[in-house]
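Me: Please take a close look at a single part of this model, beginning from one residue and working inwards. I should like the surroundings of that part described in connected prose, with every term defined.

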Amino acid sequence: MVVVAVGLAGAGRRAAGIHAPAIAACPKVRLAGIWGRSPALIQNLAERTGTSAYTRYADFLRDCEAVAFAVPPAVQADLAPSTARAGKALLLEKPLGGDLAGAEQVADAVATTRVVAQLALTWRYAVAVREFLTFAAPRTRPQGGSGRVISGVLADPRWASPWQVERGVLRAYGTDLVDLLDAALGRVLAVRAHGDPGGWVGIMLEHEGGRFSEASLYAHIEHRADGHAQASNRAGVEVFGPGGAADVDCLASVDEDAFKTMYDEFATAVENHASPELDVRRGLHLQQVLDNAETDLFRQV
C-alpha cells in the first residue's frame, strides 16, 4: 500500500480538531509536517502529532507530496496555485477562495497543472448522506426540496474562525448546504437570496430539470453556561416528489469515520492520479452560486 505524505497547512481549530486526527486515523496517509503563520500554534500541534513544524512554505512543500488546507479561504486562494505548480495534490477547504476571483485562480492552476484536487465537503463523506443521495432521494423522483442550518457557531468566538464571523453564515455553511441540494436535485442554474448577511439568510435555488429548492441559514444561537449551543442546533436536507419524501440529518451523520473516509479517498485519488467526484470544478460552481447569493443580499442592504 502506498502511503501519501500529506502536509497540513494551518494549525487552528479545524486543523487540530478535524484534519490532524483524520490523518492519524487513515493508514493511507501520514502527516509530513505542519505549516502556519503562528509559530506557537504550529509548534504546539507539531509536538502533539509527532511531526515537524514549518514557518517557510517552500521548505514545507519540499517535504510533502500533498497539502491539506485548513486556512481561511483568502489564504487558501493565495497558496493553492503555487502549491499546484509545485506538483502537489490538494485537499481544499470550502469555500475555495475569499471571493470568486480567488476561487477562479485556484481552479485555473489545477486545470493547468492537472494535479489531483479534492474538496473537503465533509457532509458528502458521511455514510448516511451517501445513502440519502444514492437510494432515498432518487426513490422520491424529487421535484423540490428544502434545507436548513441552525447553529450557534457564530455566537461564540471559541467556535468560529474570524473569517466566518466577518463573512457570516452564508459563507460559513452555505457551501455544504448548496452542494447537497445540488447533488440531490440537479445542478443549480440560478439563485435568489434575502435576509441579513450577518444574521438569518434565505435562498431560493432553481435547479436543472425545472426543480426548485429553498434553504434557511442562521448561526447565532446563544450558548449555554457550559459553553455548548442550545439543543436546537440542526443541519439537514429534505426532498420530495411523486414517490414521497426523504430527508437526512447532516449534523448527526458526520462523525470521525466521515473524515477518515475523506482522507482515504484523497489518498486513492493521489495514488491513481484520478480526479475525484468532489473536485475543484465543483468547488468553483458552488462558489459562483454563493457569490451570486451574496450579491443579492448586499443589494438589499
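Reply:
**From a surface loop to the T122 region**

S38 has a relative accessible area of 29% and is therefore partly exposed; that class lies between buried (under 20%) and exposed (over 50%), with a 1.4 Å probe and protein chains only. The structure is a predicted model, in which local features need pLDDT of at least 70 and side-chain atom pairs count only at pLDDT 80 or more, while totals for chains, interfaces and linings use all residues. Residues are numbered from 1 along each chain as its sequence is written, and side-chain values use heavy atoms, with hydrogens and water left out.

S38 sits in the loop that joins strand 2 (29–35) to helix 2. Helices (H or I, at least four residues) and strands (E, at least two) are DSSP runs, numbered from the N terminus. From S38 to L217 the C-alpha separation is 32 Å, with their positions 179 residues apart in sequence. A40 belongs to helix 2, residues 39–49, and counts as exposed because its relative accessibility is 60%. The C-alpha atoms of A40 and D176 are 31 Å apart, for a sequence separation of 136 residues.

D176 leads to the part examined here, since it appears among the contacts of T122 (contact means heavy atoms within 4.5 Å). T122 lies in the loop between strand 6 (117–119) and helix 6 (127–139). With a relative accessibility of 6%, T122 is classed as buried. Beyond its neighbours within four places in sequence, T122 contacts R14, K94, D176, V254, A258, F259 and M262.

Two of these partners, V254 and M262, repay separate attention. V254 occupies the loop between helix 9 (250–253) and helix 10, and a relative accessibility of 21% makes it partly exposed. Residues up to four places away in sequence being set aside, V254 touches T122, W123, A126 and F259. The C-alpha atoms of V254 and A126 are 5.4 Å apart, although 128 residues separate them in sequence.

M262, in contrast, is part of helix 10 and counts as buried at 1% relative accessibility. With residues up to four places away again excluded, the contacts of M262 are H19, L91, Q118, A120, T122 and Y125. Its C-alpha atom lies 7.2 Å from that of A120, 142 residues away along the chain.

A further partner of T122 is K94, which precedes a cis peptide bond: the link from K94 to P95 has omega near -5°. P95 is located in the loop between strand 5 (89–92) and helix 5 (100–113).

L92 carries the description into the core. Apart from neighbours within four places in sequence, L92 contacts F69, Q76, A80, V106, A117, Q118, L119, A120 and V280. Q118 and A120 thus appear among the contacts of L92 and also among those of M262. In the largest nonpolar core, which has 100 residues, F69, L92, I203 and Y263 touch the most other members. Such a core is a set of buried Ala, Val, Leu, Ile, Met, Phe, Trp, Tyr and Cys residues joined through side-chain atoms within 4.5 Å. In soluble globular proteins, nonpolar side chains tend to be buried together.

Two backbone features in other loops may be added. R141, in the loop between helix 6 and strand 7 (144–150), has a positive phi of about 50° although it is not a glycine. H273 likewise is a residue other than glycine with a positive phi, near 50°. H273 is placed in the loop between helix 10 (256–272) and helix 11 (280–300), and its relative accessible area of 53% makes it exposed.

For the setting as a whole, the protein contains 11 helices and 12 strands. Its radius of gyration is 19 Å, close to the 19 Å of the globule rule for 301 residues, so the protein is as compact as a globular protein of that length; the radius is taken over C-alpha atoms, and the rule is 2.2 Å times the number of residues to the power 0.38. The C-alpha trace spans about 55 × 45 × 35 Å along its principal axes. Buried residues account for 53% of the 301. Of the contacts between residues at least 6 apart in sequence, 70% join residues at least 24 apart.
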